[in-house]
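This report walks through one protein model, from its overall layout to single side-chain pairs. Keep the sequence and the 3D view open while reading.

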Amino acid sequence: MKELLSYIAQNLVDNPDDVSVTEIENESETVFELRVNPDDMGKVIGRQGRIAKEIRALMRSVAQRQGKRISVDIVD
């Protein structure tokens, strides 16, 4: 799943080499922290957060099929 999030982000931004995904496991869920170049932040978030919402929905859907709970945080 980490690879899927990384793939999605790399195809959205102008600087794909700056994309990094960190996986943090808690008791109840897994948190993925997505970091991109500051110039690409708007491309990952989108107008009114639409792209970020869709990325989160897609990742939750994949996780649900695997019986897991995840969340995606876009960090500076």
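Read from start to end, the chain follows the pattern α-β-β-α-α-β. That gives three helices and three strands. The model is a predicted one.

**Overall dimensions**

The protein has 76 residues, and for that length a compact globule would have a radius of gyration near 11 Å. The value here is 12 Å, which agrees. Along the principal axes, the C-alpha atoms fill a box of roughly 35 × 20 × 20 Å. The accessible surface comes to about 5,200 Å². Carbon and sulfur atoms account for 43% of that surface. Of the 76 residues, 36% count as buried. Take the contacts between residues at least 6 apart in sequence: 51% of them join residues at least 24 apart.

**The sheet**

The three strands form an open sheet in the order β1-β2-β3, with mixed pairing. β1 (20-25) and β3 (70-75) stand at the edges. Each of these two has a single partner strand, so one side of each is left without a neighbour in the sheet. From one strand to the next, the twist averages 20°.

In general, strands of a sheet pair through backbone hydrogen bonds, either parallel or antiparallel. Both kinds of pairing occur here. β1 and β2 run antiparallel and are joined by six bridges. A hairpin of four residues connects β1 to β2. β2 (residues 30-35) and β3 run parallel, and six bridges join them as well.

Several residue pairs mark the register. On the β1 side, Glu25 stands opposite Thr30 in β2. Glu23 stands opposite Phe32 in β2. On the β3 side, Val31 stands opposite Ser71. Phe32 in turn faces Val72 in β3.

How much of β2 is covered? Five of its six residues are buried, so the strand is mostly covered.

**Phe32 in the middle strand**

Phe32 lies in strand β2. Is Phe32 buried or exposed? Its relative accessibility is 2%, so Phe32 counts as buried; the cut-off for burial is under 20%.

Which residues does Phe32 touch, leaving out those up to four places away in sequence? Met1, Lys2 and Leu5 are among them. The list also includes Val21, Thr22 and Glu23. Ile70, Ser71, Val72 and Asp73 complete the list. Two of these contacts tie back to the register: Glu23 stands opposite Phe32 in β2, and Val72 in β3 stands opposite Phe32. Ser20 is 12 residues from Phe32 along the chain, and their C-alpha atoms are separated by 10.0 Å.

**Salt bridges**

Side chains of opposite charge can pair when their charged atoms come close. How many salt bridges does a search of the whole structure find? The search finds two.

One joins Lys43 to Asp14, with the closest N and O atoms 2.3 Å apart. This pair links distant parts of the chain, 29 residues apart. Lys43 sits in helix α2 (residues 41-45). Asp14 sits in the loop between α1 (2-12) and β1.

The other joins the side chains of Arg35 and Glu33, at 3.2 Å from N to O. β2 spans residues 30-35.

The table gives the relative accessible area of each partner.

| Residue | Relative accessible area | Class |
|---|---|---|
| Lys43 | 32% | partly exposed |
| Asp14 | 55% | exposed |
| Arg35 | 31% | partly exposed |
| Glu33 | 19% | buried |

Why does Glu33 count as buried? Its relative accessibility is 19%, and buried means under 20%. Asp14, at 55%, counts as exposed because the exposed class begins over 50%. Lys43 at 32% is partly exposed. Arg35 at 31% is partly exposed too.

Technical notes:
Residues are numbered from 1 along each chain as its sequence is written. This is a predicted model: local features need pLDDT of at least 70, side-chain atom pairs count only at pLDDT 80 or more; totals for chains, interfaces and linings use all residues. Side-chain values use heavy atoms; hydrogens and water are left out. Two strands pair if DSSP finds at least two bridges between them. Axes are lines fitted to C-alpha atoms, for helices over the stretch in contact, and angles run from 0 to 180 degrees between N-to-C directions. The radius of gyration is taken over C-alpha atoms; the globule rule is 2.2 Å times the number of residues to the power 0.38. Buried means under 20% relative accessible area, exposed over 50%, partly exposed in between (1.4 Å probe, protein chains only). Contact means heavy atoms within 4.5 Å. Accessible areas come from the Shrake-Rupley method with a 1.4 Å probe; for residues, only the protein chains shown count as cover. A salt bridge is a side-chain nitrogen of Lys or Arg within 4 Å of a carboxyl oxygen of Asp or Glu.
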